[in-house]
Amino acid sequence: MKRSVSDSSFVSVPEDGPVKDYRDYRVRKSSLIATVNWTHVIGTYLPTLFLVGIGVLFAQLVHQVVTDLSSKVEHKASPGEIDFSIETITAVILGVRQIFSNLLSTFLVAPLQSGEGGILSTHVKITALVLVVMGWIVLNDNPTYMLAFSTFKAPDSWKVSHAQIIQMMKNQGSFTDDSIGFMERLLARSGTGQSTAWPPGIVQCLEEGKETDRSILASRKEAEAVIFDIVESALKKAKVHPKEVDVLVINCSLFSPTPSLCAMVISKFGMRQDIQSFNLSGMGCGASLISVGLAKDMLQRRRLQGGKALVVSTEIITPNLYRGNERGFLLQNTLFRCGGAAIVLSNSWMDGRRAWYKLLHTVRVQSNSEEAYNCVYEAQDGEEQRGVRLSKEIVKVAGKCMEKNMTTIGPYVLPLSEQIPVVTTMAIKFMIKMTGKLLKMCGQEKLAAKLPKKKHYVPDFKRGIDHFCIHAGGRAVIDGENAVFICFLCWT
């Protein structure tokens with residue numbers, strides 16, 4: 001993948017010595033090879049080997065028939081040569097046909113017989129057995145591959161600096177000086193660069209004599225500009241025609257027009273009429289992963305014939321500019337930007353060789369607490385200005401949900417060396433607990449109080465996961481998740 005250019009720099013400046021950048025860091029190829037999961041590499045090429053094996057099996061059957069019939073069919077070929085006469089070809093075809101007829105008539109019992117009663121030779125039996133095992137593995141793998149993805153690259157006319165953003169807020173004519181100062185401080189600490197994208201309906205207020213356009217028409221124009229660009233790019237990279245798409249999933253939390261965004265894409269690209277389309281709204285930043293999980297589940301229903309899914313994730317900013325002065329709502333004006341991403345997925349075996357990635361596991365954790373429900377809440381303020389209120393509890397909620405998520409995905413990714421201590425610790429804690437209850441029932445409270453306390457064993461997730469990709473929901477969220485990760489991974 002190409003390295004993305006950023007205005008901010010993560011290069012550390014040492015007190016003594018030259019400044020290092022990313023070019024000074026190299027990884028030995030032997031170290032990279034050690035991180036490859038060869039099980040999935042072999043599984044990717046297993047369908048191709050299966051088809052080759054079927055060809056080998058057919059060739060062995062033909063060879064067996066030719067060998068068996070060579071003494072019965074008259075031919076004029078010299079020893080060591082092959083006679084392609086009509087008699088020979090006809091005899092071979094009839095022989096192969098007779099073998100398959102015998103196999104079907106005896107329901108595969110005769111090939112397993114030994115001795116002279118068997119139809120197939122030993123090497124043909126071995127090849128058939130290997131193919132059966134390979135076919136069973138292929139059918140139970142049921143993979144989901146990512147063929148391509150694309151992200152939205154905003155035109156230069158959409159990009160603004162921090163100073164221009166503040167000027168846009170001032171041009172709204174609804175913010176107090178205190179709110180402007182608060183947004184300036186948020187921008188300085190947000191971690192966003194000096195060239196981020198805002199929709200043209202809002203950016204146009206920087207021009208003299210023009211006001212902000214938050215109409216439904218301007219919102220649709222933003223949606224079309226973002227979604228059409230990434231869908232066309234993703235399909236082109238994946239070499240997939242729009243009519244080949246079987247499942248379409250689009251998520252956009254705050255903009256859900258009628259006709260839907262899915263209908264807009266289907267009409268624009270001329271997709272099939274029997275396509276399964278899903279438009280998710282109101283599900284926040286987590287809707288992207290939910291959409292991928294939904295697309296995967298829908299593809300599982302087409303496991304035999306295979307299928308392709310297109311997942312689009314975006315957020316439309318035009319109708320969601322908050323124009324009030326409550327601080328809980330002002331966060332959205334400084335954190336959110338224009339953007340979008342599209343992914344092409346496939347569960348066809350033959351697409352494994354050209355896929356970029358293979359989806360292994362998807363897990364989902366839903367928090368049901370009151371603070372989690374209210375941490376991101378769309379409402380109206382005291383002046384009836386609509387916006388999204390972001391609570392201070394969002395960092396705590398994100399940390400708790402991530403901890404539950406890591407616990408759920410642990411059995412899928414952790415090696416046995418980390419799972420066994422977890423199970424052992426749980427068994428010991430259970431035995432100690434039951435022993436304490438038994439002693440209390442017998443009147444031995446003092447003895448029960450002296451039982452040892454066994455701490456929970458927290459596995460080292462770095463033993464099973466090479467890279468963590470954290471949702472960039474603002475610098476505060478990233479810092480909070482980082483703190484949770486440090487506590488969660490180091491408490492062993």
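Start by selecting residues 177-189, helix α6, together with residues 327-335, helix α11: their axes come within 10 Å and cross at roughly 50°. Axes here are lines fitted to C-alpha atoms, for helices over the stretch in contact, with angles running from 0 to 180 degrees between N-to-C directions. Helices (H or I, at least four residues) and strands (E, at least two) are DSSP runs, numbered from the N terminus.

Before you go on, a word on what you have open. This is a predicted model, in which local features need pLDDT of at least 70 and side-chain atom pairs count only at pLDDT 80 or more, while totals for chains, interfaces and linings use all residues. Residues are numbered from 1 along each chain as its sequence is written, and side-chain values use heavy atoms, leaving out hydrogens and water.

Back to the pair. α6 and α11 are oblique to each other, a label for angles outside three ranges: under 35 degrees (roughly parallel), over 145 (roughly antiparallel) and 65 to 115 (roughly perpendicular). Now show the side chains in contact (heavy atoms within 4.5 Å). On α6, pick Asp-178, Ser-179, Phe-182, Met-183, Arg-185, Leu-186 and Leu-187; on α11, pick Arg-327, Leu-330, Leu-331, Asn-333 and Thr-334.

Stay on α11 and colour its buried residues (under 20% relative accessible area, 1.4 Å probe, protein chains only). They are Phe-329, Leu-330, Gln-332, Asn-333 and Thr-334. What do they pack against? Bring up α5 (162-171), α6, β9 (376-380) and β10 (386-390), and you have their partners.

Next, jump to α8 (residues 216-238) and α9 (residues 261-269), whose axes come within 11 Å and cross at roughly 55°. That makes this pair oblique as well. From α8, select Ala-223, Glu-224, Ile-227, Phe-228, Val-231 and Glu-232; from α9, select Leu-261, Met-264, Val-265, Lys-268 and Phe-269.

For a single-residue stop, find Lys-125 in helix α4 (residues 122-141). Lys-125 counts as partly exposed, because its relative accessibility is 26% and that class runs between the buried limit and the exposed one, over 50%. Add Leu-57: its C-alpha atom is 9.2 Å from that of Lys-125, though the two residues are 68 apart along the chain.

Finally, zoom out. The protein chain has 16 helices and 10 strands, and 35% of its 492 residues count as buried. Of its contacts between residues at least 6 apart in sequence, 78% join residues at least 24 apart.
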